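Thank you all for making time this morning. I would like to walk you through one structure, going from the overall picture to the helices, the sheet and a few local details.

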Amino acid sequence: MADTGSMTGKTVLITGGTGGIGAAAAIGLARMGARVGITGRDRGRAVEAAAAITRESGNPAVDIFVADMSSQAEVRRLATGVLATYPRLDVLLNNVGGFWAHRHLTADGLEHTFALNHLAPFLLTNLLLDRLVASSPARVVTVSSGAQSMGKIDFDDLMGERKYSGSRAYNQSKLANVMFTYELARRLEGTGVTANALHPGLTSTAFSGEDPALGVLVKVMRPFMRSPAKGADTAVYLASASEVEGVNGQYFADRVPKKTNASSYDRAITARLWEVSADLVGIPVGARTGD
């Protein structure tokens with residue numbers, strides 16, 4: 001993964017930073033001089049990851065934040081901790097996510113895939129938005145997936161109560177990442193903060209580790225997958241490269257802007273998803289708009 005520029009003096013928060021793409025991105029950005037914060041559910045694992053990031057990057061400025069981001073209360077606690085720790089925040093890299101073949105609910109009574117993959121970054125970004133704006137120019141980078149192309153936002157069954165499949169839930173959540181990015185970009189116009197999303201490519205990570213059904217398939221496919229460092233390349237690029245400074249509301253794959261699911265360009269749908277999401281996490285619908 002090639003370095004794309006200096007990040008000295010910049011602060012970056014990476015969710016899901018204890019392994020896979022998140023840890024690889026942390027190493028890449030720390031190597032450029034950034035102060036990096038990573039989130040993880042388990043403190044022991046987070047401590048080990050921070051030590052590895054420091055060792056690989058040669059940069060000791062690595063902070064850990066412990067939170068189970070499927071819980072809205074923990075996302076709020078995380079945001080409070082980040083705001084108390086960082087007087088400025090230059091980059092928020094929304095990376096946390098997962099796939100579950102079987103439907104189960106979070107502590108908030110929400111379908112787990114939608115809650116973790118979409119609502120967690122939606123809520124965290126909104127809670128940190130004022131700090132990002134105050135630190136501008138700043139960037140919000142969200143890891144989506146090529147699966148967004150197969151997604152559909154089913155407003156009548158967002159939580160998969162009527163019909164559930166792991167792939168359907170995952171595809172929907174990754175499309176939601178893109179729609180969130182596009183709507184956020186519109187709301188951030190004129191603030192100096194940009195929002196972009198990306199497809200990391202099929203990457204060898206542990207995102208299916210809690211689901212044995214998918215784990216078997218991943219083992220078969222692993223030899224054909226990218227390394228975490230390669231999967232993190234576009235995320236690092238969007239977080240640091242001077243050539244994308246000011247680029248807003250785009251979706252990238254291999255550092256190149258790409259088209260997304262046709263429905264993601266429907267402003268009525270993206271606005272509705274924002275409204276529904278805001279209601280589900282309990283924040284004002286009209287918070288910070290560039291209109």
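Of the 291 residues of this protein, 56% count as buried, and I should say at once that what you are looking at is a predicted model. The secondary structure comes to 8 helices and 8 strands. If we take the contacts between residues at least 6 apart in sequence, 75% of them join residues at least 24 apart.

Let me begin with the sheet. In what order do the strands of the open sheet run? The order is β3-β2-β1-β4-β5-β6-β7-β8, which makes an open sheet of 8 strands, and the pairing in it is mixed. At the edges stand β3, residues 62-66, and β8, residues 256-257, each of which has a single partner strand, so that one side of each is left without a neighbour in the sheet.

Elsewhere in the sheet, strand β1, which covers residues 11-14, pairs with strand β4, residues 91-94, in the parallel sense and over 3 bridges. If you would like to find this pairing on the screen, look for Val12, whose bridge partner in β4 is Val91.

Next, the helices that lie across the sheet. Helix α5, residues 166-188, lies across β4, β5, β6 and β7, and it runs at about 160° to β6, the strand made of residues 193-199. Helix α7 also lies across β4, β5, β6 and β7, and in its case the angle given is about 165° to β5.

Helix α7 brings me to the helix pairs, since it also meets helix α1. The axes of α1, residues 20-31, and α7, residues 228-240, come within 8 Å and cross at roughly 55°, and the two helices are therefore oblique to each other. The crossing in which α1 passes α7 is right-handed. On the side of α1 the contact is made by Gly20, Ile21, Ala24, Ala25 and Leu29, while α7 contributes Pro228, Ala229, Gly231, Ala232, Val236, Ala239 and Ser240. Sorted by class, the residues of this contact between α1 and α7 divide into 9 nonpolar and 3 polar, with no charged residue.

The second pair is α3 and α4. How do the axes of α3 and α4 lie: roughly parallel or oblique to each other? The axes of α3, residues 72-85, and α4 come within 10 Å and cross at roughly 25°; because angles under 35 degrees count as roughly parallel, α3 and α4 are described as roughly parallel to each other. Their crossing is right-handed. From α3 the contact takes in Gln72, Val75, Arg76, Leu78, Ala79, Val82 and Leu83, and from α4 it takes in Ala120, Leu123, Leu124, Leu127, Leu128 and Arg131. The classes in this contact of α3 with α4 are 10 nonpolar, 1 polar and 2 charged residues.

I will finish with some local details, beginning with the backbone. The peptide bond from Ser136 to Pro137 is cis, with omega near 5°, and Pro137 itself lies in the loop between α4, residues 112-134, and β5.

Another place to look is the loop between β7 and β8, where Asp254 is found and where Arg255 is found as well. Asp254 has a positive phi of about 50°, although it is not a glycine, and Arg255, also not a glycine, has a positive phi of about 70°. Asp254 is partly exposed, with a relative accessible area of 40%, and Arg255 is partly exposed too, with a value of 26%.

Which residues does Asp254 contact, once its neighbours within four places in sequence are left aside? They are His199, Arg226 and Thr234. Asp254 also lies 9.4 Å from Ala235, C-alpha to C-alpha, with their positions 19 residues apart in sequence.

The last residue on my list is Phe155, in the loop between β5 and α5. Not counting residues up to four places away in sequence, Phe155 touches Ile269, Arg272, Leu273 and Val276. One of these, Arg272, is 117 residues from Phe155 along the chain, and yet their C-alpha atoms are separated by 9.1 Å.

Key
Residues numbered from 1 in each chain as written. Predicted model: local features only at pLDDT ≥ 70, side-chain atom pairs only at ≥ 80, totals over all residues. Heavy atoms only, no water. Axes fitted to C-alpha atoms, helices over the stretch in contact; angles between N-to-C directions. Helix = DSSP H or I, 4+ residues; strand = E, 2+ residues; numbered from the N terminus. Parallel < 35°, antiparallel > 145°, perpendicular 65-115°, else oblique. Left-handed = near helix turned anticlockwise from the far one by under 90°. Contact = heavy atoms within 4.5 Å. Nonpolar A, V, L, I, M, F, W, Y, C, P; charged D, E, K, R; others polar. Pairing = 2+ DSSP bridges. Buried < 20%, exposed > 50% of the residue type's maximum accessible area, 1.4 Å probe, protein only.
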